[in-house]
Amino acid sequence: MKEYKQKQESPFQRLQRKLGERIASAEPGEKLPPEPEFARQMGVSRSTLREAMRFFEAQGLLMRRQGSGTFVVERSDVFDTGLEVLESLETIADRIGLEVSMGGLEIEELSADEELAEVMGVLLGTKLVSVTRVINAKERPAAYLRDILPSDVLSQQDLEEGFTGSVLDLLIKRGNPPLEQSRTEIRAVAARSSEARALHIQRGDVLLMLEANLVTQTGKVVDCSHSYFLPGYFRLHVNRKIGII
């Protein structure tokens, strides 16, 4: 019988394992040693340690605070959901008993450029409203959301009272315009400065992005959204039928 040799760990894999064990044994909120000291403890360079730590930051297990250091984060429940039905993060969180909150809300007016005008079926220069915010899970940033809508669909005044983070829930509750479906594309992207800053990660870290157009029953696109998720906080799945050959 042919014998299979166990594949040896690479130095970087060994570092990630040791770092994972160190995080698992730490108390939530515990501050890790300063980077130079921690690198010496792990027997690696600062750049190698930093690269290994980025994986755990993306999983939501470490949080780097500018000027303060790196801290171990309490492990949170994940947003576990299927993709067959469009639901807000608040609805999913309520179903699994996860406490969420909104932070970093920014509302601004902008004019439709050529791309947005084409997608939304409006005239070039039409007034739009951009809504960006962070969704926190147990006070840790888990998602960064941006929605762009025509100002006659959602105005700044609509967001001044009672808005908790979900544009979808706001539109559903209002019932106007009547919504039909969401055309969604899912892909992995590298975090840009804006997403990295909002989610307390490093620029270039991998995020899960959902790019969606919310469509009314008359076929009009009323919301163009980009949702950036920390991979460690989300488990998405879909039920698929077997094709007929």
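# Getting to know this predicted model

Trainee: Which residue in E8 is the bridge partner of Ala190?
Mentor: Keep in mind that this is a predicted model. Ala190 is in strand E7, residues 179-190. Follow its bridge across to E8 and you arrive at Val206.

Trainee: How many bridges link strand E7 and strand E8, and in which sense do they pair?
Mentor: Happy to walk you through it! E7 covers residues 179-190 and E8 covers residues 206-216. The two strands pair in the antiparallel sense, and the number of bridges is eleven.

Trainee: Which residue of E9 does Leu208 stand opposite?
Mentor: Start with the strands: E8 also pairs with E9 (residues 221-229), in the antiparallel sense over eight bridges. Within E9, the residue opposite Leu208 is Phe229.

Trainee: Which residue takes a positive phi in the hairpin of E8 and E9?
Mentor: Look at the turn of this hairpin, where four residues lie between the strands. One of the residues here has a phi near 90°, and that residue is Gly219.

Trainee: Which element gives the most to the largest nonpolar core?
Mentor: Good one to explore. This core has 28 residues, and Phe79, Leu89, Leu207 and Phe234 have the most contacts inside it. H4, E5, E6, H7, E8 and E9 each supply at least two residues. With four residues, the top contributor is E6.

Trainee: Which residues of E9 does Leu207 contact?
Mentor: Leaving aside neighbours within four places in sequence, Leu207 touches a list of residues that includes Arg187, Leu199 and Ile201. E9 spans residues 221-229. The contacts of Leu207 that fall in that range are Tyr228 and Phe229.

Trainee: How many residues are in the second, separate core?
Mentor: Nonpolar side chains tend to be buried together in soluble globular proteins. Here, a separate core includes Leu15, Leu19, Ile23 and Met42. Its number of residues is 15.

Trainee: Is Thr70 buried or exposed?
Mentor: Thr70 lies in strand E2, residues 69-72. Beyond four places in sequence, it touches Glu30, Lys31, Leu32, Met53, Leu62, Met63 and Arg64. Its relative accessible area is 10%, and the cut-off for buried is under 20%. Therefore Thr70 counts as buried.

Trainee: Why does Leu83 count as partly exposed, and what is its relative accessibility?
Mentor: Leu83 lies in the loop between strand E3 and helix H4. Together with Ile186 and Val238, Leu83 makes a nonpolar surface patch of about 240 Å². Partly exposed means between the buried limit of 20% and the exposed limit of 50%. Leu83 falls in that range because its relative accessibility is 38%.

Technical notes:
Residues are numbered from 1 along each chain as its sequence is written. This is a predicted model: local features need pLDDT of at least 70, side-chain atom pairs count only at pLDDT 80 or more; totals for chains, interfaces and linings use all residues. Side-chain values use heavy atoms; hydrogens and water are left out. Patches are made of residues with over 30% relative accessible area and no salt bridge: like charges are joined within 9 Å, nonpolar side chains (Val, Leu, Ile, Met, Phe, Trp, Tyr) within 5 Å. Accessible areas come from the Shrake-Rupley method with a 1.4 Å probe; for residues, only the protein chains shown count as cover. A salt bridge is a side-chain nitrogen of Lys or Arg within 4 Å of a carboxyl oxygen of Asp or Glu. Buried means under 20% relative accessible area, exposed over 50%, partly exposed in between (1.4 Å probe, protein chains only). Two strands pair if DSSP finds at least two bridges between them. Contact means heavy atoms within 4.5 Å. A nonpolar core is a set of buried Ala, Val, Leu, Ile, Met, Phe, Trp, Tyr and Cys residues joined through side-chain atoms within 4.5 Å.
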